[in-house]
Amino acid sequence: MSFRPSASSASGGIAFAWRERDPSAGLGMTNKNMPKVILDKELIEKFLTRGVEAVYPSVDALREKLMSGERLRVYQGFDPTGKYLHVGHAMGIRALRILQQLGHEVIFLVGDYTARVGDPDKESVRKMLTAKEIEENLQGWKEQAAQLIDFEGDNPVRFKRNYEWLAQLKLDELIKLMSHMTVQQMLERDMFERRLEEGNPIGLHEFIYPLLQGYDGVALDVDMEIGGADQTFNMLTGRELSRVYSGKEKFIRANKMMDAPDGRTMSKTKGNGINLGDSSEDMYGKAMSYSDDHIAMGLELLTDVPLEAIKEIQSEISKGVNPMNYKKMMAFEIVKTIRGEEEAVKAQRSFEATVQNKEVPADIPVLKIKAGNHRLTDLLVESGLAPSKSEAGRLIAGGGVKVDGQKIDDKDAEVAVADKEILIQKGKRGFVKIRS
RNA sequence: GGGUCGGUGGCAGAGCGGUCAAAUGCCCAUGACUGUAAAUCAUGUGCCUCACGGCUACGAAGGUUCGAAUCCUUCCCGGCCCA
């Protein structure tokens with residue numbers, strides 16, 4: 001039995017204030033020039049398998065749906081809890097790209113409202129973000145995503161925010177929504193279980209998060225949701241809601257999770273990922289700092305290198321071949337997927353020059369400073385290489401600072417600034433040029 | 001509502017009147033070794049000062065004391081138990 005909200009049920013039942021309208025209406029499209037769905041078996045198989053952790057209800061069911069010729073509406077949600085999208089998100093976005101190519105209707109959903117609530121975290125209650133912080137984080141997101149999907153053209157991806165409907169959610173609607181989930185179901189979520197065991201608090205609002213996310217799917221009336229495997233619980237909750245409210249079998253594609261270079265989970269909040277807003281050189285460098293055992297993972301999840309080739313690489317490495325060149329290949333391919341081949345070549349060259357041959361990089365920011373003698377600690381702080389003078393002093397004393405290639409270990413050292421560039425280097429990667 | 005335990009640096013977590021800018025671990029930074037790897041080892045890790053030293057900081061505000069993260073009062077927040 002499915003519950004279908006409608007305006008006429010206002011007397012007793014609960015009607016949702018917000019329903020996705022016919023998308024073609026707003027975009028001035030008619031059904032005639034609606035993009036045609038393409039049945040490209042190879043692409044579809046790729047979508048169904050590469051980087052996929054799980055598909056609900058099943059891979060076979062989804063394959064059948066994709067081969068049916070029906071135009072599906074698909075979305076992935078991203079909460080603006082950090083300034084940058086990272087390559088982990090890119091996995092989902094690239095999956096969306098495939099669907100866009102296949103002619104399906106794709107929605108890039110920003111969870112600007114859900115970000116306020118905060119998706120529950122393993123450790124503790126997430127801090128609730130303010131509208132202002134969210135807006136700041138959101139700057140540049142569309143641009144970052146546009147590297148991978150097309151927000152224009154014949155079959156544009158639509159960029160939406162869930163504030164649009166969640167802010168209008170009435171209390172009676174919310175109560176109705178909550179009635180579809182039991183406390184026991186919520187507690188099954190292992191992060192809650194863990195917090196209970198450890199005696200850490202669980203906020204009641206955190207229970208609502210999965211429902212709000214699920215409601216996105218109802219409001220957008222989607223056929224499929226894509227998300228990281230960590231979103232499985234939320235997505236399945238949404239699947240249940242879609243069934244109850246719209247009688248729809250929402251499909252779910254849960255992506256495998258890519259570790260961050262530091263070996264932890266990649267996270268917007270921690271900022272430890274390869275960000276889509278990074279320079280190509282940075283992307284390459286961060287990719288190179290992955291440990292060797294991440295090479296296969298990175299190649300599979302973040303690039304288009306054929307799986308057979310990856311297998312071969314793995315066996316080469318296990319035979320004792322130096323993994324460095326394979327890691328460089330991975331780094332190259334990652335940059336290429338996001339920025340294109342030209343940028344990848346550039347990034348690789350720069351890596352080889354700066355890091356492997358220890359040359360000074362070509363592009364170094366130049367800081368203008370008044371001519372005269374300056375303390376080195378001050379210069380380090382002003383150039384942003386050190387956060388405070390105390391820290392700058394420690395860096396110098398620790399032998400981490402070079403001026404024009406000369407190591408300086410006197411923290412009281414002064415540098416004469418004139419209209420000639422002076423190179424200051426902090427550690428291996430921090431460079432700045434100073435002149436008057 | 002009652003009882004009880006607790007709130008310490010980016011995180012975890014010691015300290016329970018002076019020797020506390022606060023043990024230890026993690027994270028992070030720099031150095032060594034390297035493949036900018038990883039692992040390991042070393043050093044550092046509040047801010048300001050050339051320095052003596054100063055300033056801010058142990059949930060918040062007051063108080064006791066020569067002296068408080070440590071004791072007292074009130075308040076705020078959380079866990080657990082009871083109603």
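This report walks through a predicted model of chain A with RNA strand B, from the overall build to a few single residues.

**The overall picture**

Let us begin with chain A as a whole. Its secondary structure consists of 20 helices and 13 strands. Along the principal axes, the C-alpha atoms of chain A fill a box of roughly 80 × 50 × 45 Å. Chain A has 436 residues, and 33% of them count as buried. If you look at contacts between residues at least 6 apart in sequence, 70% of these join residues at least 24 apart.

**Around the RNA**

Which residues are closest to RNA strand B? They are Gly-199, Gly-285, Ser-390, Gly-400 and Gly-427, out of 32 residues that surround the strand. By class, this surface has 13 polar, 10 charged and 9 nonpolar residues. Helices H14 (280-288), H17 (324-339), H18 (341-356) and H20 (389-397) each supply at least two residues of the surface. The largest share comes from H20, with 5 residues.

**Two helix pairs**

Two of the helix packings are set side by side here.

| Helix pair | Angle | Axis distance | Citation |
|---|---|---|---|
| H2 and H4 | about 155 degrees | 10 Å | |
| H14 and H17 | about 145 degrees | 9 Å | |

Helix H2 covers residues 41-49 and helix H4 covers residues 87-101, and their packing angle is about 155 degrees. H2 is therefore roughly antiparallel to H4. The crossing of H2 and H4 is left-handed. On the H2 side, the contact is made by Leu-43, Lys-46 and Phe-47, while H4 brings Ala-95, Ile-98, Leu-99 and Gln-101. Sorted by class, the contact of H2 with H4 has 5 nonpolar, 1 polar and 1 charged residues.

The crossing of H14 and H17 is right-handed. H14 takes part through Ser-280, Met-283, Tyr-284, Ala-287 and Met-288. From H17 come Lys-327, Met-330, Ala-331, Ile-334, Val-335, Ile-338 and Arg-339. The contact of H14 with H17 has 9 nonpolar, 1 polar and 2 charged residues.

**A closer look at Phe-332**

Helix H17 also holds Phe-332. Is Phe-332 buried or exposed? Phe-332 is buried, because 20 other C-beta atoms lie within 10 Å. Leaving aside neighbours within four places in sequence, Phe-332 is in contact with Ala-344 and Gln-348. Ser-280 is 52 residues away from Phe-332 in sequence, and the C-alpha to C-alpha distance between them is 9.6 Å.

**Backbone details in the loops**

Most residues other than glycine have a negative phi, and most peptide bonds are trans. Here are some places to look at with that in mind.

Tyr-56 and Pro-57 are joined by a cis peptide bond, with omega at about 0 degrees. You will find Pro-57 in the loop between strand S1 (52-56) and helix H3 (59-67).

Lys-358 is not a glycine, yet its phi is positive, near 55 degrees. Lys-358 sits in the loop between H18 and strand S7 (366-368). With 8 other C-beta atoms within 10 Å, Lys-358 is exposed.

Asp-404 also has a positive phi, near 50 degrees, in a residue other than glycine. The loop between strand S9 (401-403) and strand S10 (406-407) is the place of Asp-404. Asp-404 counts as exposed because it has 11 C-beta neighbours inside 10 Å.

Key: Residues are numbered from 1 along each chain as its sequence is written. Chains are lettered from A and ligands numbered from 1 in the order in which they are written. This is a predicted model: local features need pLDDT of at least 70, side-chain atom pairs count only at pLDDT 80 or more; totals for chains, interfaces and linings use all residues. A residue is near a molecule or strand if its C-beta atom, placed from the backbone, lies within 6 Å of it. Helices (H or I, at least four residues) and strands (E, at least two) are DSSP runs, numbered from the N terminus. Ala, Val, Leu, Ile, Met, Phe, Trp, Tyr, Cys and Pro count as nonpolar, Asp, Glu, Lys and Arg as charged, and the others, Gly among them, as polar. Axes are lines fitted to C-alpha atoms, for helices over the stretch in contact, and angles run from 0 to 180 degrees between N-to-C directions. Angles under 35 degrees count as roughly parallel, over 145 as roughly antiparallel, 65 to 115 as roughly perpendicular and the rest as oblique. A crossing is left-handed if the near helix is turned anticlockwise from the far one by less than a right angle, and right-handed if clockwise. Two residues are in contact if their C-beta atoms, placed from the backbone, lie within 7 Å. A residue is buried if 20 or more other C-beta atoms lie within 10 Å of its own, exposed if 12 or fewer, and partly exposed in between; C-beta atoms are placed from the backbone.
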